[in-house]
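Please walk through this chain with me, from its overall dimensions down to single residues. Keep the viewer open as you read.

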Amino acid sequence: MRNRITIAALFLLVTMRAAAQFITGTIVDKQYGEPMPGVRIQYAESKRPLAVSDVNGKYRIQARKGTLQFSMIGYDTYAVTIKQARSQKIDVKLVEGNNAMQEVVVTEKKGKYSRKNNPAVDMMRKVIEAKKMSDLYQRDFFSYQKYEKMTLALNEFTEKVFEDDHFKHFPFLKDHVEVCPETGKLILPLTVEEKVSQQIYRRDPKTEKTIIFGKRNEGVTDLINTGDIVTTMLADCFTDVDIYQEDVRLLQFPFISPISTKKAINFYRYYLTDTLLVDKQMCYQVDFTPNNPQDFGFSGSLYVLADSSWQLKRAHLSIPSRSDVNFVEHMDIVQNFEPLPSGERVVTDNKMIVQLKLTSFIQKLQVERTVRYQNFDFTAIPERSFKIRGDVKEESSAQMRDDEFWEEFRPAPLTQSESQMNILLKKVQDIKGMKYIIWVAKAFIENFVETSVNPKHPSKVDIGPVNTMIGSNWVEGFRLRASAQTTANLSPHWFARGYVKYGFGDKRWKGMGELTYSFNKKDYLPREYPVHNLTFTYTNDIIAPSDKYLPTDKDNVFVAWKWTKVRHMNYFERFNLLYDWEWENGMRLNVQLRREWNQGAGALFYQTLSNGLLDNLGRWAPDPQGQMLRKITFAEATVSLRYQPGATYVNTKQRRLTTNFDSPIMGISHTVGVKGVLGGQYNYNFTEATLYKRFWLHSWGKINCMLKGGIQWNKVPYPFLIMPAANLSYILEDNTFNLIDNMEFLNDRYASAMISWDMNGKFFNRIPLIKKLKWREYIGINTLWGTLTDKNNPFLPKNQGDPLLMYFPGQFKNGQYHYLSHVMERNKPYVELVVGIHNIFKLIHVEYVHRMNYHYPGTQKWGLRTTFRMSF
């Protein structure tokens with residue numbers, strides 16, 4: 001009997017669903033034809049929306065007689081009369097306008113948006129004024145407990161997806177697919193990271209610390225040894241959203257808060273749309289959107305308590321459908337605010353869901369971030385609690401917490417798929433041939449080839465970088481190189497790396513060997529943050545003098561693509577001992593001892609002013625038949641300090657990369673060369689300072705400023721003078737000059753300023769055809785001030801015959817010596833201007849560079865440079 005009732009009930013439900021009639025369609029922007037997600041669809045008599053369009057602008061709503069309305073902030077409401085309750089397709093084109101959304105039906109021409117006599121703006125001024133009542137930073141102390149969970153998943157899984165060539169061989173994935181309750185879409189969780197921490201704060205002196213008590217991370221990122229790149233970048237892009245602050249850092253951009261004291265009223269448009277109950281409390285609903293939808297700002301709704309306190313009950317934030325943000329199809333952030341016994345209203349829970357689409361041929365992704373705040377306390381915090389290094393301290397047992405710990409702190413249990421990450425990972429690894437596929441993929445992604453494909457016996461030695469295996473230059477000709485490095489799987493404290501290479505042009509073997517001891521136990525490589533290492537390096541190789549400024553490996557095959565012929569190089573043998581100590585507060589100390597000899601190669605040579613002859617112009621010049629110095633040897637010690645507070649990093653197998661360029665940099669170094677020690681031939685002292693700062697201009701983008709200056713205090717030959725940081729490659733390198741040749745200027749005093757302005761599409765977004773491309777404009781100026789004091793100037797007659805100074809580099813042509821290196825005019829800086837476009841296909845950055853002065857025969861006055869750069 002019970003089974004019959006169940007069958008009858010199911011039959012009734014199926015029959016009712018089959019009998020239901022639905023209206024479907026697609027909603028697009030009339031002007032641009034772009035699909036519009038987030039459009040609210042409802043019948044005129046309904047108090048709330050009955051449907052919302054998806055990321056492709058599609059909707060589905062049950063059919064019935066009445067007036068069907070389509071509305072979205074910043075667009076005129078579209079209404080259509082439904083005369084019969086039958087299935088039909090209605091496609092809608094919405095027109096951008098200044099709609100006052102409190103009007104139910106749009107039948108008359110709308111007036112221009114105005115802040116004057118606007119009840120929504122008047123209310124928001126009161127909300128902004130009232131937020132200081134909930135400013136916890138006015139307290140002497142506060143602390144609270146924080147739980148975070150971030151999940152990365154493949155999005156929009158369907159049966160059709162499993163028929164795709166990428167997934168049809170993985171039928172077990174169906175067991176791990178689940179429905180996202182917020183979006184109703186099928187997702188496949190790939191990684192899940194959880195963290196439990198305590199935030200502590202004191203006002204005097206102002207200090208804020210995070211103490212992590214629990215941390216766990218599981219998922220497919222465990223398949224690659226640099227998997228922390230994914231979790232670190234996710235954490236840096238999808239951060240805490242605190243709308244009480246002036247700006248909200250999200251996607252590595254500062255979004256103006258909708259209740260910003262100084263900027264919100266002018267940046268956003270506000271509409272008072274409804275009065276409704278939120279968790280049994282009466283609230284005013286205020287919708288908002290940026291004046292220009294393509295600017296980096298939020299759209300959404302604020303729910304303000306209707307009790308004259310003007311405090312927030314809930315905030316619903318998203319990104320406008322026409323926003324210039326890359327890769328984000330839809331973002332939904334919901335925050336709930338609750339009162340504390342002391343009167344402040346604080347965020348108690350935060351839910352963020354971001355749907356990403358990188359390209360059309362890659363499966364869509366979803367990032368879900370859940371945050372729970374509780375146990376707020378304002379009692380005094382002991383002084384010792386703030387005496388931790390850096391802003392974040394992770395307890396030694398944080399990553400060893402048991403299930404009981406996580407069950408206590410989780411506001412809700414993990415989903416079945418999230419709790420079975422290890423099972424998913426094992427199934428992937430057990431697929432026949434998968435370990436070889438992973439091995440090849442890791443070699444491509446990480447630029448290194450691992451010597452083991454067995455996860456149970458991870459690689460102890462990695463071969464690479466792959467992109468340095470072949471190359472060429474003017475002296476070596478075609479070159480082959482083999483490189484390798486050990487990993488923490490061999491030893492978590494001792495690391496070795498090196499390479500051997502052979503040039504078929506100069507027929508010489510070269511190589512490098514390095515041994516590092518890390519005082520801190522490492523997970524994979526010695527450069528992991530924070531660094532505390534002692535490293536000895538021996539190198540016997542060849543280099544172009546300007547290559548020492550490259551942040552990448554000088555043998556990288558891509559930087560070998562140069563815009564000028566580099567004929568002046570030198571062989572060198574170097575013994576180097578480096579002590580490198582980094583603190584969690586951003587301070588870094590380097591102490592370095594070096595002994596090195598250099599030998600001219602190609603067109604580079606060393607000849608002192610005590611030798612020489614008159615060329616056919618009657619000028620003193622090097623004597624090609626005269627005595628040359630076969631080698632120069634020097635011994636030096638360097639001490640440097642660098643301070644970069646708030647920086648975050650990701651580790652690749654080749655280098656460590658900074659992910660947060662908002663953090664300032666201050667650095668100073670001093671190098672002492674000592675004659676008579678370890679064969680050193682010269683005394684010298686060189687001091688250099690660095691200052692970097694980024695300035696955000698909100699909708700106008702950002703300005704990066706890099707300032708440097710240095711002094712060579714002693715009388716020295718030209719190899720110890722200061723040459724500009726020149727980039728001779730067509731591939732862009734940050735903080736280098738693009739049109740200065742190898743050793744073109746030699747100074748003993750210099751100052752440089754490199755200033756760039758990324759306008760983030762401020763002008764392109766307002767040009768009708770261009771703005772659909774989402775290009776972003778970029779301008780910059782690179783300036784160098786330099787001088788050479790008389791004591792180091794080989795061109796002065798009084799210095800002729802000096803046995804210490806050397807002729808500057810150059811080459812003989814037709815009996816005349818043409819100098820490659822020049823002396824800058826004291827009051828005439830070198831200037832190059834940069835105009836660029838980036839975000840081309842969301843990936844390509846192109847710059848046009850123009851050299852403004854110091855034009856010598858053969859000087860390139862302009863050039864094009866490019867690189868690949870992805871950003872939101």
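Among contacts in the chain between residues at least 6 apart in sequence, what percentage join residues at least 24 apart? The share is 62%. Contact means heavy atoms within 4.5 Å.

Some ground rules come first. This is a predicted model, in which local features need pLDDT of at least 70 and side-chain atom pairs count only at pLDDT 80 or more, while totals for chains, interfaces and linings use all residues. Residues are numbered from 1 along each chain as its sequence is written, and side-chain values use heavy atoms, with hydrogens and water left out.

Start with the whole chain. Its C-alpha atoms fill a box of roughly 110 × 60 × 60 Å, taken along the principal axes. The radius of gyration is 32 Å, which agrees with the value near 29 Å for a compact globule of 872 residues. That radius is taken over C-alpha atoms, and the globule rule is 2.2 Å times the number of residues to the power 0.38. Of the 872 residues, 51% count as buried. Buried means under 20% relative accessible area, exposed means over 50%, and partly exposed lies in between (1.4 Å probe, protein chains only). The chain exposes about 42,300 Å², and carbon and sulfur atoms supply 57% of that area. Accessible areas come from the Shrake-Rupley method with a 1.4 Å probe; for residues, only the protein chains shown count as cover.

Next, the secondary structure. The chain has eight helices and 46 strands. These are DSSP runs numbered from the N terminus: helices are H or I with at least four residues, strands are E with at least two. Strands of a sheet pair through backbone hydrogen bonds, either parallel or antiparallel. Here, two strands pair if DSSP finds at least two bridges between them.

Go to the open sheet of four strands. Their order is β3-β2-β5-β6, and the pairing is antiparallel. The edge strands are β3 (51–52) and β6 (78–82), each pairing on one side only. Between β2 (residues 40–43) and β5 (residues 66–71) there are four bridges. Find Gln 42 there: it stands opposite Gln 69 in β5.

Now move to β11 (residues 186–202). How many of its 17 residues are buried? The count is 14, leaving the strand mostly covered. Three antiparallel pairings involve β11. With β9 (residues 141–155) it shares 15 bridges, and Gln 145 stands opposite Gln 198. With β10 (residues 178–179) it shares two bridges, and Glu 178 stands opposite Ile 187. β10 and β11 form a hairpin with six residues between them. In that turn, Gly 184 has a positive phi of about 75°. With β12 (residues 207–219), β11 shares twelve bridges. Val 196 stands opposite Gly 214 in that pairing, and a hairpin of four residues joins the two strands.

Turn to a helix. α8 (residues 434–446) has 13 residues and should span 18 Å at 1.5 Å a residue; its end C-alpha atoms are 17 Å apart, which agrees. The expected span is 1.5 Å times one less than the number of residues. Met 434, Ile 438, Lys 442, Ala 443 and Glu 446 are buried in α8. Their cover includes α7 (421–429) and β23 (449–450). After the helix comes Asn 447, with a positive phi near 70°.

Three single residues finish the route. Pro 530 is found in the loop between β28 (508–518) and β29 (532–543). Not counting residues up to four places away in sequence, Pro 530 touches Asn 520, Lys 522, Glu 582 and Glu 584. Pro 530 and Glu 584 are 54 residues apart in sequence, yet 6.6 Å apart in space, C-alpha to C-alpha.

Ser 546 sits in the loop between β29 and β30 (568–582). Ser 546 counts as buried because its relative accessible area is 1%. Beyond its neighbours within four places in sequence, Ser 546 is in contact with Met 723, Ala 726, Leu 728 and Asn 742.

Asn 704 is in strand β39 (residues 702–712). Is Asn 704 buried or exposed? Asn 704 is buried, with a relative accessible area of 17%. Its side chain makes a polar contact with the side chain of Tyr 692 (3.4 Å). A polar contact is a pair of N or O atoms within 3.5 Å; within protein, one must be able to donate a hydrogen and the other to accept it, and residues adjacent in sequence count only if both atoms are side-chain atoms. Leaving aside neighbours within four places in sequence, the contacts of Asn 704 include Lys 693, Arg 694, Met 754, Ile 755 and Ser 756.
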